[in-house]
Amino acid sequence: MLDIPLHRFLGVELRDDADPSAGIRFPVGTAAQNPAGMLHGGVVYALLDVASFLALLPSLADGEHAVTHDVSASLLRPVRAGATVDVTATVLRRGRAVAFMRAEATVDGQLVATGQVTKTVIAPR
C-alpha cells in the first residue's frame, strides 16, 4: 500500500511496521504544503482514506479488496510545515459489501482533522 508513488513522494510511513492497521505518519514537507506553507487539505483527505483502508485490511478475506466510494473530512486547524502528522482509523462497521471507518489526524496528540470513509468491499471473482 505504501509503495504507491504518491505515498512515497509524501514520505508516508507506517506508525508500526508490525501492525499496518495502527495507521500512518508523514512529515509536512514541501510535497504536502499549500502555497501558504501549511498542510494541503487534499493531502489530508487522501491520507485519511489510506489509514481507513489499512484499518479495514485485517477484516478483508483472501482475494477481497475495498474501494472508496465516499469520503467526508473536516479540517479542524492548520498544520505548519515541518510538523509530523499521525493518521489513524477505526472500523465502525464491516458488512458483507460495505465498510464504514472513522479516521483522525493528529499532530503532537492534538486533533487536526477527522474523516468518515465508506468503502465497497469487492469479493474475489
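**View 1. A negative patch on the surface of this predicted model.** Four acidic residues make up this one: Glu 13, Asp 16, Asp 17 and Asp 19 form a negative surface patch. Glu 13 sits in strand S1, which covers residues 13–14. Its relative accessibility is 42%, so Glu 13 counts as partly exposed.

**View 2. A nonpolar patch on the surface.** Here the players are Met 1, Ile 4, Leu 6 and Phe 9, and together they offer about 400 Å² of accessible area. Leu 6 belongs to helix H1, residues 5–10. With a relative accessibility of 45%, Leu 6 is classed as partly exposed.

**View 3. The salt bridge between Asp 86 and Arg 15.** A search of the whole structure turns up 6 salt bridges, and this view zooms in on the one that pairs Asp 86 with Arg 15. The closest N and O atoms are 3.1 Å apart. The pair links distant parts of the chain, 71 residues apart: Asp 86 is in strand S4 (residues 84–94), while Arg 15 is in the loop between S1 and strand S2 (24–27). Asp 86 is buried, at 15% relative accessible area, whereas Arg 15 is partly exposed at 35%. Salt bridges with shared partners also bring in Arg 25, so look for one network made of Arg 15, Arg 25 and Asp 86.

**View 4. Helix H2 meets strand S6 through Asp 49 and Lys 119.** These two form a salt bridge, with 2.9 Å between the closest N and O atoms. Asp 49 comes from helix H2 (residues 41–56) and Lys 119 from strand S6, so the pair ties together parts that are 70 residues apart in sequence. Lys 119 is buried, with a relative accessible area of just 3%.

**View 5. Glu 64 and Arg 94 in a salt bridge.** The closest N and O atoms of this pair are 3.0 Å apart. Glu 64 is in the loop between H2 and strand S3 (65–75) and Arg 94 is in strand S4, so parts 30 residues apart in sequence get tied together. Glu 64 is buried at 18% relative accessible area, and Arg 94 counts as partly exposed at 26%.

**View 6. Two buried threonines, Thr 114 and Thr 118.** Strand S6 runs over residues 110–122 and holds Thr 118, and Thr 114 is found in strand S6 as well. Thr 118 is buried, with a relative accessible area of 13%. Setting aside neighbours within four places in sequence, Thr 118 is in contact with Val 67, Thr 68, His 69, Asp 70, Val 98, Ala 99 and Phe 100. Thr 114 is buried too, at 12% relative accessibility. With the neighbours within four places again left out, its contacts include Leu 48, Ser 72, Leu 76, Arg 102 and Glu 104. For a sense of scale, the C-alpha atoms of Thr 114 and Arg 96 are separated by 25 Å, with their positions 18 residues apart along the chain.

**View 7. The loop between S5 and S6, with Asp 108 and Gly 109.** Strand S5 covers 98–107, and Gly 109 lies in the loop between that strand and S6. Asp 108 is in this loop too, and its phi is positive, about 50°, although Asp 108 is not a glycine. Asp 108 is exposed, with 79% relative accessible area, and Gly 109 is exposed at 71%. The C-alpha atoms of Gly 109 and Ala 22, 87 residues apart along the chain, are separated by 15 Å.

Note on methods. Residues numbered from 1 in each chain as written. Predicted model: local features only at pLDDT ≥ 70, side-chain atom pairs only at ≥ 80, totals over all residues. Heavy atoms only, no water. Patch = residues over 30% accessible without salt bridge, like charges linked within 9 Å, V, L, I, M, F, W, Y side chains within 5 Å. Areas by Shrake-Rupley, 256 points an atom, 1.4 Å probe, with all protein chains shown as cover. Salt bridge = Lys/Arg side-chain N within 4 Å of Asp/Glu carboxyl O. Lys, Arg positive; Asp, Glu negative; His and termini not counted. Charge placed at Lys NZ, Arg CZ, Asp CG, Glu CD. Helix = DSSP H or I, 4+ residues; strand = E, 2+ residues; numbered from the N terminus. Buried < 20%, exposed > 50% of the residue type's maximum accessible area, 1.4 Å probe, protein only. Contact = heavy atoms within 4.5 Å.
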